[in-house]
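Me: I'm new to reading protein models and I'd like some help going through one. Can we take it feature by feature?

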Amino acid sequence: MTQTRPLAPDGTWCAIPVHNNGATAAGVARACRRQLERVVVVDDGSTDGDLRAALADADIIVLRHPERRGKGAALRTALAYAAAQGARWLITLDGDGQHLPADIPRFFPLMASQGEVLLVGKRDLTGPHVPRASRFGRLFSNLWVLAETGRYLPDTQSGFRAYPVPRIRQLPLHGDHFDFEIEVLVRHLWTGGPVASVPVNAYYPPAGERVSHFDKWRDNLRLSLLHTGLLVRRLAALASAPFRALRRRQTATPQEADALRAIPSRRRGTRLGFWFFAVATRLTGLRGAYGLLY
């Protein structure tokens, strides 16, 4: 009896970035193939086996980086390959077994109804063996993204996502490692792209069986530098907004200028004061701005 595959939106691909996940990657890829017709695995310089040989009979495309370049580089390779094949959507999940391919259809309804939305899987981290560092890291990352975009998202670190390929390919993305997934999320939001969360399961094996390629020194440093750079750009944009508004006012047509002058006004203070109040309001809200002035 032929198994009925869930109906995915046209042009949907699946990508699995892999580095030394030989014990799980092939099984994850085969399970994804049961959900979607087009699956691509990007082997990022693995040295623990031959994924092409392991998946030779599975009708799954395997791309390989001769040397390890990072998870972000593997995802960008997958995005470029899928775009060249005319893909509209790329669902990504990790090859270590944390994400369950059976959850892929949960993304389909929003993909079909919301156009260029970037969907992020909100992992259930209440199960056994979930590291405390994962819970803290997720909250910490969520707060960074809130500061950078003004938007709170429940799981900014999740790699289980659905990317709208044409839109994402237009973003200036540079991250090659775990910083890629934060960068693409923030830049998508900056350009007005919609983002939504999709509840998904997550599996964490016992500590002794867990395989992670996240380097707590190098990758945390990369993420810290990325977040700092993004936040500085956000603050600079907020700080310059009053000056842009002032320039627009100074270039108003005579009719617009007359209309502005006709508005009753009781303003007192300097341009610097108005600029400070506008920036404080954007950063802290109206109450916070009045508190700072007080």
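## Loops, helices and a sheet

Reply: Let's start with one residue: H129 is partly exposed, with a relative accessible area of 44%. Exposure is sorted by cut-offs: buried is under 20% relative accessible area, exposed is over 50%, and partly exposed is in between, using a 1.4 Å probe and protein chains only. Before we go on, this is a predicted model, in which local features need pLDDT of at least 70 and side-chain atom pairs count only at pLDDT 80 or more, while totals for chains, interfaces and linings use all residues. Residues are numbered from 1 along each chain as its sequence is written, and side-chain values use heavy atoms, with hydrogens and water left out.

Me: Where is H129 found?

Reply: H129 sits in the loop between strand 5 and helix 5 (132-149). Helices and strands here are DSSP runs numbered from the N terminus: H or I with at least four residues for a helix, E with at least two for a strand. The backbone of H129 is worth a look too, since its phi is near 70°, a positive value in a residue other than glycine.

Me: What is the phi of D59?

Reply: D59 has a positive phi of about 55°, although it is not a glycine. You'll find D59 in the loop between helix 2 and strand 3. With a relative accessible area of 58%, D59 is exposed.

Me: Is A23 buried or exposed?

Reply: A23 counts as exposed because its relative accessibility is 80%. It lies in the loop between strand 1 and helix 1. Try finding D48 as well: A23 and D48 are 25 residues apart in sequence and 9.0 Å apart in space, C-alpha to C-alpha.

Me: Let's zoom out. How many helices and strands are in the chain?

Reply: The chain has ten helices and seven strands. Of its 294 residues, 42% count as buried.

Me: And how do the strands fit together?

Reply: The general idea is that strands of a sheet pair through backbone hydrogen bonds, either parallel or antiparallel. Two strands count as paired if DSSP finds at least two bridges between them. Here, seven strands form an open sheet in the order 3-2-1-4-6-5-7, with mixed pairing. Its edge strands are strand 3 (61-65) and strand 7 (195-200), each pairing on one side only.

Me: Can you show me both kinds of pairing?

Reply: Sure! For the parallel kind, take strand 1 (residues 12-18) and strand 2 (residues 39-44), which pair over five bridges. One residue to click on is V18, whose bridge partner in strand 2 is D43. For the antiparallel kind, strand 4 (residues 89-92) pairs with strand 6 over four bridges, and the bridge partner of L90 in strand 6 is Y163. Strand 5 and strand 6 also run antiparallel, joined by two bridges; there, L119 has A162 as its bridge partner in strand 6.

Me: What covers strand 6?

Reply: Look at its two faces: both are covered, with R161 and Y163 buried on one side and A162 and P164 buried on the other.

Me: Now the helices. How many residues of helix 1 are buried?

Reply: Seven of the nine residues of helix 1 (residues 25-33) are buried, so it is largely enclosed by the rest of the structure. The cover over those buried residues includes strand 1, strand 2 and helix 2 (51-54).

Me: What about helix 7?

Reply: Helix 7 (residues 179-190) has twelve residues and reaches 17 Å from its first C-alpha to its last, close to the expected 16 Å. That expected span is 1.5 Å times one less than the number of residues. Helix 7 is mostly covered, with eleven of its twelve residues buried. Just after helix 7, G192 takes a positive phi of about 85°.

Me: Which residue of helix 7 should I click on?

Reply: Try E181, which lies in helix 7. E181 is buried, because its relative accessible area is 4%. Contact means heavy atoms within 4.5 Å, and E181 touches K71, L75, Q157, S158, G159, R161 and Y163, not counting residues up to four places away in sequence. A polar contact of 3.1 Å joins the side chains of E181 and K71. That term means a pair of N or O atoms within 3.5 Å; within protein, one must be able to donate a hydrogen and the other to accept it, and residues adjacent in sequence count only if both atoms are side-chain atoms.
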